[in-house]
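Please walk through this model with the text at hand. The route goes from the ligand to a sheet, then to single residues.

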Amino acid sequence: MADKYDVIVIGGGPGGYVAAIRAAQLGYNTACIEKRINKQDQPALGGTCLNVGCIPSKALLDSSWKYHEAEESFADHGIGVGKLSLDLKTMHERKDKVVQQLTGGVASLFKANKVTWLQGTGQLKANKQVVFTPHEGDEQTLEADNVILAAGSVPVEIPPAEVDQKIIVDSTGALEFDSVPKKLGVIGAGIIGLELGSVWSRLGSQVTVLEAVDTFLPAVDQQIAKEASKLFTKQGLDIQLGARVTGTKKNKNSVRVTYTDKDGEHEETFDRLIVAVGRRPYTEGLLSQDAGVTLDERNFIYVDNQCRTDVPGVYAIGDLVRGPALAHKAIEEGVMVAEVIAGEHTQVNYDAVPSVIYTHPEVAWVGKTEEEVKDSGEPYKTGAVPFAANGRALAAGEPGGLVKFVVDEKTDRVLGMHVLGPQASELIQQGVVAMEFGASIEDLQLMVFGHPSLSETVHEAALATDYKAIHVA
Ligand code: FAD
């Protein structure tokens, strides 16, 4: 007889492992199937995010920022460090340790919550049956009352730049360079391209980012995007917009890239090339012919707003489904689905999902951009205040960037908050809380903010929507 579970989760990334833990907390006999083998050749939980995404990229962003500061700004503080050197091997070892600590932590949480970790590949069949092919041993057919698909996403590949993980790499390869490329090309000026470009630029690479679209960060409020573009260019990132890569030719240790822009065809040779043009849902091998779930026109698994697929009892979450490909969105969908299974009233507020680009300064936003609100035709007001007017930012030597609010003129409700600046990833949460509670901008204006703190610029931007900011001329 087939092994039977209350809940089977396929995929142990942030969506899947959180769904499994929450389901177990709610009393369900839960298994999570994860096929990942990490670079130490061990089975690993944590998905893209913990193994080759959010966490290792942030470890390198933090290490490279420290290096950059030692090189560029310690002297301003009167700190001398002698001759600076870079030990990339140690930097990678530190990153790997952080990753192992966190992925090992998820395995411990599974044990503590009695989630069964099935190491191998899962495939959904009809009638909520799941074929489990372990890394070692025979295939088994499992049964479940509920199945949660959480197989995540993989990098999009483009024919003119085939990834070999040596000279032309995707985001995973870009986390593993064993020397700093002298000249680095990046295809794609999205979140991942900008973050990885920043890492290597800080460590000494001359970085050119080739972006096919004419607008820099089209999803970001354009006042913020324009300012960010200026700051990144000043830091040495050469960002070419409207530049479409048409071909690559590899040599032993370099790659010649051909691209076209409004001025015609160009050629440039790089030591390494990162392809960062987006990610696509990872459905290969996940669904048998008779599984019955529907895909949408972009190959995402089709779900309703509570992540139900077309098959009763089968759910899909995270990067496999519509919405931003972000770990925290996957996490909250994982919690929601487990609670939906338990019959609880629950939801994800998709209007208040923050996004962050971990450059320096960071870019973060939640809600609507000014452009979106303008297009809607509804009356609105904005307030924007630079960090250059903030004592804490100046004391830290971080005067670049601004905070901006977009507010409904009629109701005074916060429609969007946008930050370019130090700790933007933390500051944006104030906008998320405000929007979640349906705050008016007056609520924020009337709050007391600690002094001196970066948050005071949030306060000032709120005041600026009604021309009441104190520290701007
Ligand atoms: P995943 O994390 O992709 O996990 C899915 C898991 O399912 C994988 O481990 C895979 O092995 C497994 N799997 C797939 N198919 C099967 C199968 N048939 N059987 C068994 N197992 C299977 N997001 C942020 O919010 N913040 C960031 O700072 C951030 N930085 C990023 C940096 C980089 C370089 C990258 C690449 C991504 C980053 N992301 C970031 C995005 C984030 O990693 C994803 O949004 C998130 O991991 C999605 O979670 P998930 O659970 O849907 O899928």
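What follows is a short tour of a predicted model.

Two conventions come first. Residues are numbered from 1 along each chain, as its sequence is written. Because this is a predicted model, local features need pLDDT of at least 70 and side-chain atom pairs count only at pLDDT 80 or more, while totals for chains, interfaces and linings use all residues. Helices (H or I, at least four residues) and strands (E, at least two) are DSSP runs, numbered from the N terminus.

Start with the annotated span. UniProt, in an unreviewed entry, lists residues 5–334 as "domain: FAD/NAD(P)-binding". UniProt positions are given in the numbering used here, feature names are shortened, and annotations may be inferred rather than shown by experiment. The span 5–334 is 30% helix and 26% strand. Its end C-alpha atoms lie 17 Å apart.

Now turn to the ligand. There are 36 residues around it; a residue counts as near a molecule or strand if its C-beta atom, placed from the backbone, lies within 6 Å of it. Gly11, Gly13, Gly47, Gly152 and Gly318 come nearest. Several elements give two or more residues to this shell: helix H1 (14–25), strand S2 (30–34), helix H2 (47–52), helix H3 (54–72), strand S3 (116–124) and helix H8 (327–341). By class, the shell holds 15 nonpolar, 17 polar and four charged residues. Here Ala, Val, Leu, Ile, Met, Phe, Trp, Tyr, Cys and Pro count as nonpolar, Asp, Glu, Lys and Arg as charged, and the others, Gly among them, as polar.

Next comes a sheet. Five strands form an open sheet in the order S17-S18-S21-S20-S19, with antiparallel pairing. Two strands pair if DSSP finds at least two bridges between them. Why do S17 and strand S19 (380–386) each have one side without a neighbour in the sheet? Both stand at the edges, each with a single partner strand, so one side stays free of a neighbour in the sheet. On average, neighbouring strands of this sheet are turned by 10° against each other, direction ignored. Axes are lines fitted to C-alpha atoms, for helices over the stretch in contact, and angles run from 0 to 180 degrees between N-to-C directions.

Two helices meet these strands. Helix H7 (residues 222–234) packs on the sheet and touches S18, S19, strand S20 (402–408) and S21. The direction of H7 makes about 5° with that of S21. Helix H13 lies across S19 and S20, at about 145° to S19. Contact requires C-beta atoms, placed from the backbone, within 7 Å.

Look closer at strand S18 (residues 362–367). Six of its six residues are buried. A residue is buried if 20 or more other C-beta atoms lie within 10 Å of its own, exposed if 12 or fewer, and partly exposed in between, with C-beta atoms placed from the backbone. S18 pairs with strand S17 (residues 355–357) in the antiparallel sense over three bridges. Ile357 stands opposite Val363 there. S17 and S18 make a hairpin, with four residues between them. Pro361 sits in the loop between the two strands, and the peptide bond from His360 to Pro361 is cis, with omega near 0°. S18 is also joined by six bridges to strand S21 (residues 414–421), and the two run antiparallel. Trp365 has His418 as its bridge partner in S21.

A cis bond also joins His451 and Pro452, with omega about -5°. Pro452 lies in the loop between helix H12 (441–445) and helix H13 (455–464).

Two loop residues have positive phi without being glycine. Lys114, between helix H4 (88–113) and S3, has phi of about 60°. Lys114 is exposed because 11 other C-beta atoms lie within 10 Å. Asn127 has phi near 60° and lies in the loop between S3 and strand S4 (129–134). Asn127 is exposed too, with 12 other C-beta atoms within 10 Å.

Finish at Lys250, in strand S11 (residues 244–250). Is Lys250 buried, exposed or partly exposed? Lys250 is partly exposed, because 15 other C-beta atoms lie within 10 Å. Neighbours within four places in sequence aside, Lys250 contacts Ile167, Ile168 and Val255. Lys250 and Ala473 are 223 residues apart in sequence and 54 Å apart in space, C-alpha to C-alpha.
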